Amino acid sequence: MSAGPRFGDDIERGKTLEFSQSVTYPGTVDEVVAMFLSPGYQERRFGSFVVEGSSSAVVEGDRITFSGTVRPELIPSAASRFVKGDLRVSFVEEWSRDEAVARSRSMVTVEGAPVSFRAVSVLSPSGQGAERDVTGDVSVRIPLLGGRIEKEAVARAGRVIELERELAASWLEEHR
């Protein structure tokens with residue numbers, strides 16, 4: 001079984017679109033990191049995006065890998081002509097801790113599509129729980145359409161972050 005991409009591996013890169021986001025979770029830094037390293041949380045987090053029964057989540061220390069086959073109806077019609085067969089998405093996140101903060105490196109790759117996402121984040125205590133500051137980039141290497149798809153992905157990031165915050169709040173409440 002392959003461990004998937006390793007951080008630092010060279011990935012063919014075209015132009016990328018950078019982003020930054022912040023989200024506050026209603027839990028301690030340790031609770032939030034434990035949530036992100038939970039296969040059950042990742043299944044809930046990504047489950048609606050993948051074909052039922054196609055996913056797996058593996059935890060190795062402070063690293064989690066989640067993978068699954070993207071539901072075909074979620075592939076934008078403009079991009080579907082570039083897709084040959086099923087798209088397998090892989091999400092890898094590694095956490096490290098020092099003092100009161102935790103840091104993560106995240107990567108999403110899509111096998112069969114010229115798409116990648118990389119991010120780094122810092123999770124620190126805040127008045128309401130733990131705040132995660134995320135910076136990263138999105139790269140879609142599709143001639144003529146890549147830039148438009150990147151911009152749309154970043155434009156929707158705010159809504160994705162809000163949905164994740166709601167999911168995390170629910171998860172943390174259930175697992176206390």
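Q: In this predicted model, how many residues does the hairpin that joins β6 to β7 run through?
A: Let's start where β6 gives way to β7. These strands pair in the antiparallel sense over twelve bridges, and P125 of the pair stands opposite A130 in β7. The hairpin that joins β6 to β7 runs through two residues.

Q: Which residue in the hairpin of β5 and β6 takes a positive phi?
A: Strand β5, residues 101-111, runs antiparallel to β6, residues 115-126, and eight bridges join them. Within that pairing, R105 stands opposite V120 in β6. The hairpin has three residues between the strands, and the one with a positive phi, near 95°, is G112.

Q: What is the bridge partner of V115 in β7?
A: V115 is a good place to look, since β6 covers residues 115-126. On the other side, β7 spans residues 129-140 and pairs with β6 in the antiparallel sense. The bridge partner of V115 in β7 is V140.

Q: Which strands stand at the edges of the sheet?
A: Happily, the strand order helps here: the open sheet of seven strands reads β1-β7-β6-β5-β4-β3-β2, with antiparallel pairing. Each edge strand has a single partner strand, so one side of it is left without a neighbour in the sheet. Neighbouring strands of this sheet are turned by 15° against each other on average, direction ignored. The strands at the edges are β1 and β2.

Q: At about what angle does helix α2 run to β3?
A: Helix α2 is made of residues 39-46 and lies across three strands, β2, β3 and β4. In the sheet order, these strands sit together at the end of the row, as β4-β3-β2. Helix α2 runs to β3 at about 35°.

Q: Which elements give two or more residues to the largest nonpolar core?
A: This core has 19 residues, and Y25, V32, M35 and L123 touch the most other members. The elements that give two or more residues to it are β1 (17-25), α1 (29-36) and α5 (157-174).

Q: Which residues does Y25 touch, leaving aside those up to four places away in sequence?
A: Y25 is one of the residues of the largest nonpolar core that touch the most other members. Its contacts, with residues up to four places away in sequence not counted, are V32, M35, F36, L123, Q128, G129, A130, R132, E164, R165, A168 and L172.

Notes:
Residues numbered from 1 in each chain as written. Predicted model: local features only at pLDDT ≥ 70, side-chain atom pairs only at ≥ 80, totals over all residues. Heavy atoms only, no water. Pairing = 2+ DSSP bridges. Helix = DSSP H or I, 4+ residues; strand = E, 2+ residues; numbered from the N terminus. Core = buried A, V, L, I, M, F, W, Y, C linked by side-chain atoms within 4.5 Å. Buried < 20%, exposed > 50% of the residue type's maximum accessible area, 1.4 Å probe, protein only. Contact = heavy atoms within 4.5 Å. Axes fitted to C-alpha atoms, helices over the stretch in contact; angles between N-to-C directions.
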